[in-house]
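Here's a short set of exercises to work through with the model open in your viewer. Try each task before you read its solution.

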Amino acid sequence: MSDMFSSNKVYLAGRYRDQEFLKEVRQGLRDVGFEVTSRWLDQPNVQLRPGDDTWGGGYGQVCAERDLADLDASDILILDLSNGVSTRGGMYVEFGYALSACLEIIVIGPRSNVFTYLPGVTVFSDWETFFDGYTGWNDQSLGSSNSINS
(Lines give C-alpha, C1' and ligand atoms only; values in the text may rest on other atoms or scores of the structure.)
Protein backbone atom coordinates (compact mmCIF):
# COMPACT_ATOMS: atom_id res chain seq x y z
CA MET A 1 0.00 0.00 0.00
CA SER A 2 1.34 3.39 -0.93
CA ASP A 3 1.77 6.22 1.56
CA MET A 4 -0.02 8.39 -0.99
CA PHE A 5 -3.50 7.42 0.14
CA SER A 6 -5.20 8.00 3.46
CA SER A 7 -6.87 4.62 3.11
CA ASN A 8 -6.85 1.56 0.92
CA LYS A 9 -10.66 1.45 0.50
CA VAL A 10 -11.65 2.18 -3.09
CA TYR A 11 -15.00 2.50 -4.83
CA LEU A 12 -14.61 1.61 -8.50
CA ALA A 13 -17.17 3.42 -10.68
CA GLY A 14 -17.76 2.78 -14.35
CA ARG A 15 -20.21 1.74 -17.04
CA TYR A 16 -22.24 -1.44 -16.63
CA ARG A 17 -21.18 -2.61 -20.06
CA ASP A 18 -17.57 -2.56 -18.81
CA GLN A 19 -18.42 -4.70 -15.78
CA GLU A 20 -16.34 -7.75 -16.83
CA PHE A 21 -13.32 -5.56 -17.61
CA LEU A 22 -13.70 -3.78 -14.27
CA LYS A 23 -13.73 -7.11 -12.43
CA GLU A 24 -10.22 -7.64 -13.84
CA VAL A 25 -9.25 -4.13 -12.74
CA ARG A 26 -10.64 -4.89 -9.27
CA GLN A 27 -8.32 -7.88 -9.02
CA GLY A 28 -5.37 -5.72 -10.08
CA LEU A 29 -6.27 -3.19 -7.38
CA ARG A 30 -6.52 -5.98 -4.81
CA ASP A 31 -3.15 -7.32 -5.91
CA VAL A 32 -1.47 -4.02 -4.98
CA GLY A 33 -3.25 -3.73 -1.62
CA PHE A 34 -6.55 -1.95 -2.22
CA GLU A 35 -9.87 -3.11 -0.82
CA VAL A 36 -12.56 -2.54 -3.46
CA THR A 37 -15.99 -1.82 -1.98
CA SER A 38 -17.98 -1.86 -5.26
CA ARG A 39 -20.50 -4.68 -4.88
CA TRP A 40 -22.22 -3.64 -8.12
CA LEU A 41 -19.47 -5.50 -9.95
CA ASP A 42 -20.98 -8.78 -8.76
CA GLN A 43 -24.65 -8.08 -9.48
CA PRO A 44 -26.34 -9.14 -12.73
CA ASN A 45 -25.50 -6.85 -15.63
CA VAL A 46 -28.89 -5.27 -16.29
CA GLN A 47 -28.66 -1.84 -17.89
CA LEU A 48 -31.41 0.65 -17.19
CA ARG A 49 -32.61 2.62 -20.17
CA PRO A 50 -34.77 5.76 -20.05
CA GLY A 51 -38.43 4.76 -19.67
CA ASP A 52 -37.48 1.17 -18.82
CA ASP A 53 -38.88 -0.33 -15.63
CA THR A 54 -36.48 -3.30 -15.57
CA TRP A 55 -35.25 -2.16 -12.17
CA GLY A 56 -38.73 -1.54 -10.78
CA GLY A 57 -40.29 -3.37 -7.86
CA GLY A 58 -37.71 -1.98 -5.45
CA TYR A 59 -34.63 -3.52 -7.11
CA GLY A 60 -33.36 -0.17 -8.39
CA GLN A 61 -33.68 1.37 -4.94
CA VAL A 62 -31.84 -1.54 -3.33
CA CYS A 63 -29.00 -1.21 -5.86
CA ALA A 64 -28.75 2.57 -5.45
CA GLU A 65 -28.73 2.35 -1.65
CA ARG A 66 -26.07 -0.39 -1.76
CA ASP A 67 -23.91 1.70 -4.10
CA LEU A 68 -24.12 4.71 -1.77
CA ALA A 69 -23.29 2.51 1.23
CA ASP A 70 -20.26 1.18 -0.68
CA LEU A 71 -19.19 4.75 -1.42
CA ASP A 72 -19.60 5.64 2.26
CA ALA A 73 -17.33 2.70 3.12
CA SER A 74 -14.56 4.00 0.85
CA ASP A 75 -12.13 6.89 0.95
CA ILE A 76 -11.17 6.90 -2.73
CA LEU A 77 -13.32 6.89 -5.86
CA ILE A 78 -11.79 5.69 -9.10
CA LEU A 79 -13.91 6.59 -12.14
CA ASP A 80 -13.14 4.44 -15.16
CA LEU A 81 -13.52 6.26 -18.48
CA SER A 82 -10.77 4.26 -20.17
CA ASN A 83 -13.13 2.71 -22.71
CA GLY A 84 -14.71 6.01 -23.69
CA VAL A 85 -16.74 8.81 -22.18
CA SER A 86 -20.42 8.23 -21.59
CA THR A 87 -23.03 10.96 -21.38
CA ARG A 88 -25.21 9.04 -18.95
CA GLY A 89 -25.01 6.62 -16.10
CA GLY A 90 -24.90 6.29 -12.36
CA MET A 91 -21.13 6.67 -12.37
CA TYR A 92 -21.58 10.44 -12.65
CA VAL A 93 -23.93 10.44 -9.67
CA GLU A 94 -21.28 8.47 -7.78
CA PHE A 95 -18.61 10.96 -8.89
CA GLY A 96 -20.71 13.87 -7.57
CA TYR A 97 -21.43 12.02 -4.35
CA ALA A 98 -17.69 11.45 -3.89
CA LEU A 99 -16.97 15.15 -4.51
CA SER A 100 -19.56 16.09 -1.90
CA ALA A 101 -18.13 13.58 0.58
CA CYS A 102 -14.58 14.91 -0.01
CA LEU A 103 -13.24 11.54 -1.15
CA GLU A 104 -9.97 11.32 -3.01
CA ILE A 105 -10.90 11.03 -6.71
CA ILE A 106 -9.02 9.45 -9.58
CA VAL A 107 -10.22 9.45 -13.18
CA ILE A 108 -8.83 6.86 -15.57
CA GLY A 109 -9.23 8.13 -19.14
CA PRO A 110 -10.18 11.49 -20.60
CA ARG A 111 -11.76 14.30 -18.61
CA SER A 112 -15.49 14.11 -19.27
CA ASN A 113 -16.89 17.31 -17.77
CA VAL A 114 -15.89 20.50 -15.95
CA PHE A 115 -15.90 18.78 -12.56
CA THR A 116 -12.95 16.59 -13.55
CA TYR A 117 -10.86 19.81 -13.61
CA LEU A 118 -11.41 20.52 -9.93
CA PRO A 119 -8.39 20.48 -7.58
CA GLY A 120 -8.01 17.11 -5.95
CA VAL A 121 -9.19 15.17 -9.00
CA THR A 122 -6.24 13.26 -10.40
CA VAL A 123 -6.44 12.04 -13.99
CA PHE A 124 -4.47 9.15 -15.47
CA SER A 125 -4.58 8.60 -19.22
CA ASP A 126 -5.12 4.84 -18.83
CA TRP A 127 -4.90 1.93 -16.38
CA GLU A 128 -1.36 1.06 -17.46
CA THR A 129 -0.19 4.54 -16.49
CA PHE A 130 -2.04 4.27 -13.18
CA PHE A 131 -0.48 0.93 -12.25
CA ASP A 132 2.98 1.82 -13.64
CA GLY A 133 3.02 5.01 -11.61
CA TYR A 134 1.78 3.32 -8.46
CA THR A 135 5.22 2.33 -7.21
CA GLY A 136 6.56 5.88 -7.48
CA TRP A 137 3.77 7.57 -5.58
CA ASN A 138 5.39 7.52 -2.16
CA ASP A 139 7.05 10.89 -2.86
CA GLN A 140 3.99 12.54 -4.44
CA SER A 141 0.75 13.98 -3.15
CA LEU A 142 -2.47 12.83 -4.78
CA GLY A 143 -4.20 15.63 -6.60
CA SER A 144 -1.20 17.94 -6.58
CA SER A 145 -0.35 17.51 -10.26
CA ASN A 146 -3.98 17.08 -11.30
CA SER A 147 -2.97 15.08 -14.39
CA ILE A 148 -0.55 12.25 -15.03
CA ASN A 149 -0.19 11.13 -18.62
CA SER A 150 1.75 8.42 -20.37
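**Exercise 1.** Leaving out residues up to four places away in sequence, find what threonine 37 touches, then decide whether this residue is buried or exposed.

*Solution.* Keep in mind that you're looking at a predicted model. Start with the neighbours: threonine 37 touches Lys9, Val10, Tyr11, Asp70, Ala73 and Ser74. Next, place the residue: threonine 37 sits in the loop between strand E2 (35–36) and helix H2 (59–72). Now the accessibility: its relative accessible area is 10%, and the cut-off for buried is under 20%, so threonine 37 counts as buried. Last, check the polar end of the side chain: one of its polar atoms lies 3.0 Å from the backbone oxygen of aspartate 70.

**Exercise 2.** Work out where glutamine 19 is placed and which backbone oxygen lies 2.8 Å from a polar atom of its side chain.

*Solution.* Glutamine 19 belongs to helix H1 (residues 19–31). With a relative accessible area of 2%, glutamine 19 is buried. Follow the side chain and you'll hit the partner: the backbone oxygen of tryptophan 40, 2.8 Å from a polar atom of glutamine 19.

**Exercise 3.** Sort out which residues of helix H3 (residues 90–100) are buried, and what covers them.

*Solution.*
1. Pick out the buried residues: Met91, Tyr92, Glu94, Phe95 and Ala98.
2. Look down the axis: these residues span an arc of only 155°, so they fall on the same side of H3.
3. Flip to the other side of H3, where Val93 and Ser100 are exposed.
4. Ask what lies over the buried residues: the cover includes strand E1 (9–13), H2, strand E3 (76–80), E4 and E5.
5. Step off the end: just after H3, cysteine 102 has a positive phi of about 60°.

**Exercise 4.** Find the nonpolar surface patch that includes Val114, and say where valine 114 is found.

*Solution.* The patch is formed by Val114, Phe115 and Leu118, which together have about 290 Å² of accessible area. Valine 114 is in the loop between strand E4 (104–108) and strand E5 (121–124). At 62% relative accessible area, valine 114 is exposed.

**Exercise 5.** Zoom out: how many helices and strands does the protein chain have, and in what order do they run?

*Solution.* Count four helices and six strands. From the N terminus on, they run β-α-β-α-β-α-β-β-α-β. Of the 150 residues, 42% are buried. For contacts with a separation of 6 or more, 65% come from residues 24 or more positions apart. On the outside, the chain exposes about 7600 Å², with carbon and sulfur atoms supplying 51% of it.

Terms used: Residues numbered from 1 in each chain as written. Predicted model: local features only at pLDDT ≥ 70, side-chain atom pairs only at ≥ 80, totals over all residues. Heavy atoms only, no water. Helix = DSSP H or I, 4+ residues; strand = E, 2+ residues; numbered from the N terminus. Buried < 20%, exposed > 50% of the residue type's maximum accessible area, 1.4 Å probe, protein only. Contact = heavy atoms within 4.5 Å. Areas by Shrake-Rupley, 256 points an atom, 1.4 Å probe, with all protein chains shown as cover. Patch = residues over 30% accessible without salt bridge, like charges linked within 9 Å, V, L, I, M, F, W, Y side chains within 5 Å. Salt bridge = Lys/Arg side-chain N within 4 Å of Asp/Glu carboxyl O. Polar contact = N/O pair within 3.5 Å; in protein donor to acceptor, adjacent residues only side chain to side chain. Arc of directions from axis to C-beta.
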